[in-house]
Amino acid sequence: MGFALALLVGLVLALVAAALAGALILNPRSAPHLAGSGNVDPDTVSGFGREWQKFTHGAEALSERERADAFRSYFDIFPWHLIGRDGVGADVGCGSGRWAVLVAPRVGRLLACDPSAEALAVARANLAGLGNVEFHQADAGNLPIADASLDFAYCLGVLHHIPDPARALCDIARKLKPGAPLLVYIYYAFDNRPRWYRLLWRASNGARLAIARLPYRLQVATTASIALLVYWPLARAGALLDRIGALPRGWPLAYYRHRSFYYMRTDSFDRFCTRLEHRFTRAAIERMLAQAGCGQIVFSSHEPFWCAAAIREPAGCS
Ligand SMILES: C[S@@+](CC[C@H](N)C(=O)[O-])C[C@H]1O[C@@H](n2cnc3c(N)ncnc32)[C@H](O)[C@@H]1O
């Protein structure tokens with residue numbers, strides 16, 4: 001309970017500081033025009049470009065063990081058995097390419113796509129040793145891929161940052177062959193959490209709206225402070241409780257209990273510096289996947305929520 005209070009106090013302090021700074025220092029942040037499908041938020045994309053330039057998630061920054069552990073938290077529901085060694089797939093919104101590093105060696109060809117030129121430059125560096133990755137500056141709505149041609153696709157942490165997520169999901173699903181699997185990770189609406197958790201999120205969302213408007217250096221400093229004062233103590237307390245078998249269900253930020261401080265700083269930046277964020281219940285994601293022509297939907301039972309694997313049905317997007 002003490003930690004929950006610390007979380008609340010930390011967030012309120014961050015919110016006040018950010019709101020004051022935001023009011024004093026206007027940050028119009030003129031994002032470059034992005035040629036593409038139009039289903040893109042340019043501010044969000046340029047923010048991610050800067051995020052991946054700072055937190056590259058390269059081999060020097062993220063240990064093999066931590067990458068593999070985080071990778072499993074997304075991919076453990078992915079039906080790998082449906083993909084041959086020569087399978088061709090896409091990482092839509094690849095960012096730094098941190099998951100492509102582990103996917104590319106298992107498949108024939110991987111198309112790493114992201115609308116951010118800066119993110120793609122980081123992905124290129126991280127994937128330099130892998131000859132079967134192609135890079136495309138493209139958003140989900142203008143993927144340079146023929147319809148019904150992919151053996152698999154994944155889109156992690158992306159759809160909730162797109163103006164029309166349902167349209168983007170259809171655009172991705174359309175690229176899959178019937179029977180091909182799709183993995184998505186979409187921010188949850190805390191539909192599996194108690195009311196107090198949702199209230200906590202409301203406070204933190206206020207902080208996000210303010211912090212996302214700060215100048216970049218202040219964003220880095222504020223989110224590093226949140227990582228230090230909120231993520232780290234809660235995560236490490238969670239690890240301790242876990243070790244003695246007393247971790248309560250729904251312990252805030254338990255997902256980070258075995259993560260490094262670097263990972264926490266990245267996610268704190270990611271979480272609080274993005275202007276456009278949608279949240280979905282599990283039922284809404286299920287509907288959206290069904291509308292995109294995907295069936296056999298399986299949800300992961302652990303964090304991060306919601307992660308879902310589905311299969312493209314012959315009829316496709318409705
Ligand atoms: C939170 S990051 C996730 C990156 C990567 N999937 C991961 O899990 O590490 C979101 C990424 O989506 C990209 N993005 C934003 N809008 C997009 C769109 N409309 N289509 C595809 N990608 C987009 C951003 O540039 C950013 O790299």
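Let me start at the loop between helix 2, which covers 42-54, and helix 3, which covers 64-75, since this is where H57 lies. In this predicted model, H57 has a positive phi of about 55°, although H57 is not a glycine. Most residues other than glycine have a negative phi, and most peptide bonds are trans. H57 counts as buried because 23 other C-beta atoms lie within 10 Å, and the cut-off for that label is 20 or more.

A second residue with a positive phi that is not a glycine is L253, where the angle is near 65°. L253 is found in the loop between helix 8 and helix 9, the latter being residues 261-272, and because L253 has 22 C-beta neighbours inside 10 Å, L253 counts as buried.

While we are looking at loops, please turn to the one between strand 6 and strand 7, where P304 has its place and where W306 is also found. The peptide bond from E303 to P304 is cis, with omega near 5°, and the peptide bond from F305 to W306 is cis as well, with omega near -10°.

Let me now step back to the whole chain, which has ten helices and seven strands. Of its 318 residues, 43% count as buried. If we take the contacts with a separation of 6 or more, 71% of them are between residues 24 or more positions apart.

In what order do the seven strands stand in the sheet? They form an open sheet in the order 3-2-1-4-5-7-6, and the pairing is mixed. Strand 3 and strand 6, the latter being residues 294-299, stand at the edges with a single partner strand each, so one side of each has no neighbour in the sheet. Neighbouring strands are turned by 20° against each other on average, if direction is ignored.

We can walk through part of this sheet, beginning with strand 2, residues 109-114, which is mostly covered, as five of its six residues are buried. Strand 2 pairs in the parallel sense with strand 1, residues 88-92, over five bridges, and here A90 has L111 of strand 2 as its bridge partner. Strand 2 also runs parallel to strand 3, residues 133-137, and five bridges join the two, with Q137 in strand 3 as the bridge partner of D114. Between these two strands the chain passes through helix 5, residues 117-126, in a β-α-β crossover that is right-handed.

Strand 5, residues 181-185, deserves a separate look, as five of its five residues are buried. Both faces are covered, with P181, L183 and Y185 buried on one side and L182 and V184 buried on the other. Strand 4, residues 152-156, pairs with strand 5 in the parallel sense over four bridges, and L156 stands opposite Y185. The chain gets from strand 4 to strand 5 through helix 6, residues 165-173, and this β-α-β crossover too is right-handed. Strand 5 pairs with strand 7 in the antiparallel sense over five bridges, and there L183 stands opposite A309. Strand 7, residues 307-312, then pairs with strand 6, again in the antiparallel sense, over four bridges, and C294 stands opposite R312 of strand 7. Helix 5, which we met a moment ago, packs on the sheet and touches strand 2 and strand 3, its direction making about 170° with that of strand 3.

That brings me to the interior. In soluble globular proteins, nonpolar side chains tend to be buried together. Which residues have the most contacts inside the largest nonpolar core? They are A100, A153, C155 and L182, in a core of 84 residues. Helix 8, residues 216-243, gives the largest share of this core, six residues. Domain 1, which is 42-189 + 279-312, and domain 2, which is 215-272, both give residues to the core, so the core lies between them.

L182 is a residue we have already seen on strand 5, and, leaving aside its neighbours within four places in sequence, L182 is in contact with A153, Y154, I172, A173, L176, C294, A310 and R312.

Let me close in helix 8, where L234 has its place. L234 counts as buried because it has 22 C-beta neighbours inside 10 Å. L234 and A254 are 20 residues apart in sequence, yet their C-alpha atoms are 7.3 Å apart in space.

Definitions and conventions:
Residues are numbered from 1 along each chain as its sequence is written. This is a predicted model: local features need pLDDT of at least 70, side-chain atom pairs count only at pLDDT 80 or more; totals for chains, interfaces and linings use all residues. A nonpolar core is a set of buried Ala, Val, Leu, Ile, Met, Phe, Trp, Tyr and Cys residues joined through C-beta atoms within 7 Å. A residue is buried if 20 or more other C-beta atoms lie within 10 Å of its own, exposed if 12 or fewer, and partly exposed in between; C-beta atoms are placed from the backbone. Domain bounds come from an automatic or database domain assignment. Two residues are in contact if their C-beta atoms, placed from the backbone, lie within 7 Å. Two strands pair if DSSP finds at least two bridges between them. A crossover is right-handed if, with the strands pointing away from the viewer, the path from the first strand over the helix to the second runs clockwise. Axes are lines fitted to C-alpha atoms, for helices over the stretch in contact, and angles run from 0 to 180 degrees between N-to-C directions.
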